[in-house]
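Hi everyone, thanks for making time for this. I'd like to walk you through one protein structure today, so have a look at the screen first.

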Amino acid sequence: MRKLLLGLDIGSSSVKASLLNADTGRAIAAKAFPEEEMPIDAPKDGFAEQDPEMWWKYVQQASHHVLSQASVKKGELKGIGIAYQMHGLVLVDKNHRVLRSSIIWCDSRAVPIGDQAFKSLGEAYCLENLLNSPGNFTASKLRWVIENQPEIAGQIHKMMLPGDFIAMKLTGEIKTSETGLSEGIFWDFKTNGLSQKVLDHYQINPDWIPEIVPSYSVQGTVTSQASKSTGIEAGVPVAYRAGDQPNNAFSLQVLKPGELATTAGTSGTVYGVCEEPLFDPLSRVNTFVHVNHQEQKPSYGVLLCVNGTGILNSWTRRLMGGNRIGYDEMNNLASSAGIGSQGLTFIPFGNGAERIMQNRHVGAHLIGLDLLKHSKNHVLRAAQEGIVSALTFGFRIMQDMGMTLTTVKAGKANMFLSPIFRKTFIHMNRVNLELYNTDGAQGAARGAGIGAGVFNGESEAFQGLELLETFEPNENFFEPYEEVYSRWKNQLEQIQKMNL
C-alpha cells in the first residue's frame, strides 16, 4: 500500500493541491483551481477582500481531482498539510459561520491603525518584543473591524488566519500556530507567548485567539462531513500548517541560518532564516517564527515582500495584447532591448501599500519614456528590471541587518522562468540561484509527513527534492546591473521627495 500525503496551498490567485508519494518523495498528482485567477473584491480604494467559502469550494474541487487522478485507495492517505496566504483575517461565530469577507494580505485599510499603535506601544517595545511594527498585519485588521463594524465584532467567536479556516472546515476544530500568530503580530518574542500589550491596546478579547499548536503536529482529523465534500477519507490527520512564505522556504529545505528562498508570483519575496531575532529599525522587512522553531532551538524567518511583482508582468502582458502574446514571446522581445532598457525605468509599486516603503502607497511609475527611441521591447524589459530592483532594495536592507546572502533557492516557476529576470536577479544581487522541482503545495505535503510521523525528521522529508538548474553570476555584468539599480533607486528617491 502506498503512503500518500496531500498538500493544500491556499493562495489569493488559486488553490492548489498536490499529492506526494512519501516512499519516493515525488508528486504524483497536482491541480490548481480555478482555471482563471480568483477574484479579489475592492469595495473601496486600498481594500482587498475574498470570501473564505470560495477558498473552501476550490479546496473541495482540487482535493477531489488529485485523489481521483491518483486513484487513491482507502488507507493510503496519511496526512494533510496546509499552506496559506499570510496576514489575512477570517472571523467566525460560535457556529463556525463566516461573519464577513476575509481582509487579505494586500489590503491597506489598517495602515493608520498600525502606525498609531507603533507610537502608542512604543517603537522600542514593538521592535524588541514584536520584531516588527504592528503595521498592516492581522492584529491591526482585527482592530479595524472592532472600530468600524462593532455589530460584527460583537459576534466574534474566533479569529483565524486563512489556513486556520481551511483546517477548521476539514476537522471542525479551530486552532492556530506560533508562526501564524507571529505573522499577525500577536506574538511576543521575549516572553515566547501572546503579547498582552497588543491585545490590551487593540482591545482584542483573548478568548478570540484559537488554541496554539506546533506547525508539525496532528491538529485534528477529517470529519465525515468534510469527507463527503472533499473525497478525503474521514480520520486522516491535518498535520502541518504554515503561511505561504515560511512554507515556501520549507518546501525548498531552507531551514538553517544563512539559507534563503525566493518567490516571484503575484508578489515577490525573499525569505532568510536566522537563529537570532533580528529586526529592521524601520520595519521594512519583517521577522516571524519559522516552521521549525522550538523554544530550545529558535528559528526565525526574515521576510522581504514586494507586492507589485508578477502582477506587473501580467499587467504588461494585458497591455501588449493579452492572450495573443505569451510570456516566452514577451521575454524574447525584452531581450532585444539590452541591459538598462535605454534609460527607461519602471517603479513597480502599484499593488497597494508596500512594506519596504514603510507601508506607503508609492504607486507604479514608468520614468524616462522617449517616444522617439523606446518601444514595447524597452517597456517589457524595464518592467522586469524594475521588479528585480525592488527586490534588491529589500535584499540590501536584509544585508544591513547582518544577514549573509550568497545562495538563493527558488521553485522553477513564475518569473524565474524568464532568462532576463534570472540574469538580472543574480547579477544585481551577486548571488548564486538554485531552481528546484517544488512548490508550496508539495512543501505542505512534506510538512504533513513530518507532523504525522510518516517521515523520521526533516532530512527524510526531502528525498525526491530535485535541483534542476544552478545559475552563477559573471562579474563582468556586475557594473552594468549596478548602474541599472542606482538609476532605479535615484528615481525612487525623487518620487518619495515629491510625495512628502
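Before anything else, a bit of vocabulary: we call it a salt bridge when a side-chain nitrogen of Lys or Arg sits within 4 Å of a carboxyl oxygen of Asp or Glu. And please keep in mind that what you see is a predicted model.

With that in hand, let's go to a pair. Glu466 and Arg26 make a salt bridge, and their closest N and O atoms are 3.9 Å apart. That is within the 4 Å cut-off, so the pair counts. Where do Glu466 and Arg26 lie? Glu466 is in the loop between helix H16 (458-461) and strand E22 (467-471), while Arg26 belongs to strand E3, so this salt bridge ties together parts that are 440 residues apart in sequence. Are they buried or exposed? Well, Glu466 has 34% relative accessibility, so it goes down as partly exposed. Arg26, at 39%, is partly exposed as well.

Now, strand E3 takes us to a sheet. It's an open sheet of five strands, and the order is E3-E2-E1-E5-E13, with mixed pairing. So what holds strands together? Strands of a sheet pair through backbone hydrogen bonds, and they can be parallel or antiparallel. Here, strand E3 (26-33) and strand E13 (238-243) are the edge strands, each pairing on one side only. On average, neighbouring strands of this sheet are turned by 15 degrees against each other, if you ignore direction.

Let's zoom in on one edge. Strand E2, residues 15-21, runs antiparallel to E3, and seven bridges join the two. For example, Val15 has Phe33 in E3 as its bridge partner.

Then there are helices lying against the sheet. Helix H6, residues 162-171, packs on it and touches strand E1 (4-10), strand E5 (77-84) and E13; the directions of H6 and E5 make an angle of about 150 degrees. Helix H10, residues 244-251, packs on the sheet too, touching E5 and E13, and its direction makes about 110 degrees with that of E13.

Back to salt bridges for a moment. How many does a search of the whole structure find? It turns up 19. One of them connects H6 with the sheet: the side chains of Asp164 and Arg241 meet at 2.9 Å, N to O. Asp164 sits in helix H6 and Arg241 in strand E13, so the pair ties together parts 77 residues apart in sequence. Both of these residues are buried.

Another one is Glu49 with Arg109, where the closest N and O atoms are 2.7 Å apart. Glu49 is in strand E4 (residues 49-50) and Arg109 is in the loop between strand E7 (102-103) and helix H2 (111-121), so to speak two distant parts of the chain, 60 residues apart. Glu49 and Arg109 are both buried. They also have company: salt bridges with shared partners join Glu49, Arg100, Asp107 and Arg109 into one network.

Last stop, the cysteines. How many disulfides are there in the whole structure? A search finds zero. Why does Cys106 have no bond? Its closest cysteine sulfur is the one in Cys305, and at 9.6 Å that's too far. A disulfide would need the two sulfurs within 2.5 Å. Turn it around and Cys305 has Cys106 as its closest, again 9.6 Å away and too far for a bond. Cys106 is buried, at 12% relative accessibility, and Cys305 is buried at 7%.

That's my tour, so over to you for questions.

How values were computed: Residues are numbered from 1 along each chain as its sequence is written. This is a predicted model: local features need pLDDT of at least 70, side-chain atom pairs count only at pLDDT 80 or more; totals for chains, interfaces and linings use all residues. Side-chain values use heavy atoms; hydrogens and water are left out. Buried means under 20% relative accessible area, exposed over 50%, partly exposed in between (1.4 Å probe, protein chains only). Two strands pair if DSSP finds at least two bridges between them. Helices (H or I, at least four residues) and strands (E, at least two) are DSSP runs, numbered from the N terminus. Axes are lines fitted to C-alpha atoms, for helices over the stretch in contact, and angles run from 0 to 180 degrees between N-to-C directions. Contact means heavy atoms within 4.5 Å.
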